[in-house]
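Reader: Could you walk me through this one, a question at a time?

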Amino acid sequence: MNEPLLRARDVRKYFPVRSGFLQRTVAHARAVDGIDLDIRPGETLGLVGESGSGKSTLGRILVGLMTPSAGELSFEGREIAGLGGSDLRRSRRQLQFIFQDPNGSLDPRMRVGEIIGEGLHAQGAERDVRNKLVNEMLDKVGLRREAAQRYPHELSGGQRQRIGIARALVLQPKLVVADEPVSALDVSIQSQVLNLLVELKRELNLTYVFVSHNLAAVNYVSDRIAVMYLGKFVELASTEQLRRAPLHPYTRALFSAVPEPIPGRRRQSVVLKGEPPNPIDPPSGCRFRTRCPLARDVCAEREPGLTPRPGDANDHLVACHFA
Amino acid sequence: MADPSTVMEGLATAGLGTEPAVPLPNTDAARSRLRWNVPLVVGLAIVILSTFLAFAAPWLSAHDPLEIADASLSAPSSLYLLGTDQLGRDVLARILYATRTSLSVACLSAALAFVSGTLIGLVAGYASGLVDAFMMRLLDILQAFPALLLAIALVAALGPNLPNLVLTMGVLFTPRFARVARASTLSVRERDYVVAAIGLGVSPIRIMFRHVLPNIAAPLIIEASLTATLAILTEASLSFLGLGVQPPEPTWGGMIAQSTAVMSIAPWLAISPGLAVVFVVVGFNLVGDGLRDAMDPRS
């Protein structure tokens with residue numbers, strides 16, 4: 001493939017764990033622990049994992065809402081991890097974020113029109129330009145233009161999430177990270193919002209990173225899927241490859257939990273035991289070994305790298321000694 | 001009637017009046033919103049009435065507050081409703097005129113403290129780190145002094161007049177607002193809508209004034225009405241000590257101070273200005289409590 005839109009190299013985010021009277025840092029929680037990722041222009045990359053796997057943290061780092069503790073991050077070939085102040089604010093336009101909770105992410109004291117237009121205001125657009133773009137965006141996300149005069153609490157959850165989408169897309173970003181964009185919504189409107197995201201992607205030439213633990217939703221929208229476990233990728237492949245032949249035992253367990261749409265067809269289910277280990281003190285070697293059905297001695301000694309499967313020409317990357 | 005649910009409801013309503021920190025279930029909150037907020041209504045009535053009396057003082061009082069009549073220390077009568085003082089001045093007129101001084105000092109100093117304290121708290125809470133630590137330690141120093149002592153020292157140094165009183169008390173009350181504003185800012189800045197604004201490239205100043213400030217306004221307004229109470233008491237204390245607005249201008253504290261020498265033969269001189277202080281203080285307090293009840297269950 002050609003030049004990636006966003007390129008991450010060995011990105012890490014460690015949160016200090018403080019304790020005691022002096023609030024000394026006693027340890028670090030490794031939320032994201034060495035991620036390499038190339039996001040290709042125009043694709044939708046699904047990011048899946050259990051809660052606590054670091055997928056939301058990684059999503060926030062990708063759009064600059066959080067600064068990584070270490071690693072390189074470049075957008076269209078330009079380094080963005082070190083940017084600050086007004087440079088950073090200008091580059092925000094290209095990278096936008098859709099929040100999980102439409103209630104908490106909209107300022108209750110602002111009208112919908114102001115909320116959607118705020119990014120344009122920050123980028124220096126005049127009032128009439130702003131109003132025009134906000135109105136167009138309201139049409140695109142399927143809200144009536146009158147909604148601009150309303151407050152968020154006057155609208156339903158699905159409508160509020162459309163506002164969150166409109167706010168992100170009105171800036172004409174190139175990359176949009178959506179953090180569980182439908183998980184806070186009623187099941188009955190989840191598909192509406194998913195379809196809206198897919199339509200807008202086609203219409204506006206967007207690239208998505210879709211963070212979710214809802215595998216059915218991720219399968220539906222994604223071209224490629226990255227599976228995260230305890231701050232690391234364990235497998236990265238096209239949606240088709242992952243569905244047909246997941247290689248990593250963790251991925252297999254995850255995908256076996258997705259309900260089968262064809263009645264009567266059963267696949268064997270893999271049930272994992274226990275909880276994910278503490279990210280403050282992850283297991284030696286392979287992080288999954290404590291819950292892995294295939295684990296042997298080598299797994300505790302050597303950490304498997306994320307490498308192409310031997311003999312497979314496609315870029316199906318997996319981090320397992322036995323895959 | 002020993003129906004337990006009625007008892008519980010009664011307890012919940014009683015708790016609403018005194019201890020708003022207890023989170024109430026939604027249904028109770030909704031019910032109490034529908035009911036009249038008695039403290040707020042009574043408090044507002046008192047505050048509005050006092051403000052009206054202060055403005056209308058020249059038309060309401062039959063006598064000039066500085067006019068000296070022949071009858072000194074005359075008891076309340078139809079001519080002098082609240083009697084006269086040692087110099088033969090009408091006590092009712094003096095109380096009405098003193099309301100102007102008290103209310104203007106209270107409101108202006110509370111407003112000054114509101115603006116400066118909110119700004120300091122907003123910046124400290126939003127900037128955090130060293131800026132926060134530095135500003136809050138400065139306020140600690142200010143609060144380390146006993147409030148009235150510091151006020152006495154400052155007014156004595158600056159000179160006792162209305163602008164200096166407002167300035168002194170404004171500075172004195174600033175930490176109250178700064179603490180409330182900082183604490184609220186610390187919680188609001190973590191909300192997703194503030195993170196979203198940062199992600200849109202909104203400048204920190206605009207985030208502070210457009211997103212944080214409107215969302216921390218409620219506790220600050222409550223603080224303002226409670227601070228006004230404190231300001232009235234402080235003003236009365238200072239003028240009792242002779243450091244308020246200077247005679248012959250009437251002040252409640254000054255009138256009480258003058259009355260001490262003749263209190264046994266003319267008790268009305270001490271009682272009526274004392275009641276005036278109580279009346280206004282209770283009014284502002286009720287407004288503060290009422291606002292807290294009205295705003296707390298929702299947030």
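Author: Gladly; what follows is a set of short questions and answers about this structure, which is a predicted model.

Reader: Thanks! Let's begin with chain B: how many helices does chain B have?
Author: Read along the sequence, chain B goes α-α-α-α-α-α-α-α-α-α-α. It has zero strands to set beside those helices. The number of helices in chain B is 11.

Reader: And what share of the residues in chain B is buried?
Author: Chain B has 299 residues. Among its contacts with a separation of 6 or more, 71% join residues 24 or more positions apart. As for burial in chain B, the share is 41%.

Reader: Which UniProt annotation covers residues 99–288 of chain B?
Author: Over that stretch the chain is 83% helix and 0% strand, and the C-alpha atoms at its ends are 20 Å apart. The label comes from an unreviewed UniProt entry, and annotations of this kind may be inferred rather than shown by experiment. In that record, residues 99–288 of chain B carry the annotation "domain: ABC transmembrane type-1".

Reader: Helix 4 and helix 11 of chain B caught my eye. Is their crossing left-handed or right-handed?
Author: The axes of helix 4 (residues 91–127) and helix 11 (residues 268–295) of chain B come within 11 Å and cross at roughly 35 degrees. Residues including V91(B), I95(B) and A98(B) of helix 4 meet residues of helix 11, among them W268(B), L269(B) and P273(B). By class, this contact has eight nonpolar, three polar and no charged residues. The crossing of helix 4 with helix 11 of chain B is right-handed.

Reader: Now for the place where the chains touch. Which element of chain B gives the most residues to the side that touches chain A?
Author: The contact takes 19 residues from chain A and 15 residues from chain B. On the chain B side, eight are nonpolar, five polar and two charged. Two elements of chain B give two or more residues to that side, helix 8 (192–199) and helix 9 (204–240). With seven residues, the one that gives the most is helix 8 of chain B.

Reader: Is helix 8 of chain B mostly covered, and what do its buried residues pack against?
Author: Seven of the eight residues of helix 8 are buried, including D192(B), Y193(B) and I198(B). Just after this helix, G201(B) takes a positive phi of about 85 degrees. So far as packing goes, the buried residues of helix 8 of chain B meet helix 7 (162–188) and helix 9 of chain B, along with strand 6 and helix 3 (112–122) of chain A.Reader: Over to chain A, then. Which strands stand at the edges of the sheet of eight strands?
Author: This open sheet has the order 6-7-8-3-9-10-12-11 and mixed pairing. Two bridges join strand 11 to strand 12 (residues 317–318) of chain A in an antiparallel pair, where T307(A) has V318(A) as its bridge partner. With a single partner strand each, and so with one side left without a neighbour in the sheet, the edge strands of chain A are strand 6 and strand 11 (307–308).

Reader: Which residue is the bridge partner of L95(A) in strand 7 of chain A?
Author: Strand 6 (residues 95–98) of chain A has both faces covered, with L95(A) and F97(A) buried on one side and Q96(A) and I98(A) on the other. Four bridges join strand 6 to strand 7 (residues 175–179) of chain A, and the two run parallel. The bridge partner of L95(A) is L175(A).

Reader: Which helix packs on that sheet of chain A?
Author: The helix in question touches strand 3 (44–48), strand 7, strand 8 (207–212) and strand 9 (224–229) of chain A. Its direction makes about 155 degrees with that of strand 8 of chain A. The name to note is helix 1 (residues 55–62) of chain A.

Reader: What is the bridge partner of R9(A) in strand 4 of chain A?
Author: Strand 4 belongs to an open sheet of four strands in chain A, with the order 2-1-4-5 and antiparallel pairing. Strand 2 (24–39) and strand 5 (78–79) of chain A stand at the edges of that sheet. Five bridges join strand 1 (residues 6–19) to strand 4 (residues 70–75) of chain A. In strand 4, the partner of R9(A) is E72(A).

Reader: Last one: does Q161(A) count as buried or exposed?
Author: Q161(A) lies in helix 5 (residues 157–169) of chain A, and its C-alpha atom is 8.4 Å from that of Q100(A), 61 residues away along the chain. Leaving aside neighbours within four places in sequence, Q161(A) is in contact with P102(A), P181(A), L185(A) and V193(A). The cut-off for burial is 20 or more other C-beta atoms within 10 Å. Because Q161(A) has 30 such neighbours, it counts as buried.

How values were computed:
Residues are numbered from 1 along each chain as its sequence is written. Chains are lettered from A and ligands numbered from 1 in the order in which they are written. This is a predicted model: local features need pLDDT of at least 70, side-chain atom pairs count only at pLDDT 80 or more; totals for chains, interfaces and linings use all residues. Two residues are in contact if their C-beta atoms, placed from the backbone, lie within 7 Å. Ala, Val, Leu, Ile, Met, Phe, Trp, Tyr, Cys and Pro count as nonpolar, Asp, Glu, Lys and Arg as charged, and the others, Gly among them, as polar. Axes are lines fitted to C-alpha atoms, for helices over the stretch in contact, and angles run from 0 to 180 degrees between N-to-C directions. A crossing is left-handed if the near helix is turned anticlockwise from the far one by less than a right angle, and right-handed if clockwise. Two strands pair if DSSP finds at least two bridges between them. A residue is buried if 20 or more other C-beta atoms lie within 10 Å of its own, exposed if 12 or fewer, and partly exposed in between; C-beta atoms are placed from the backbone.
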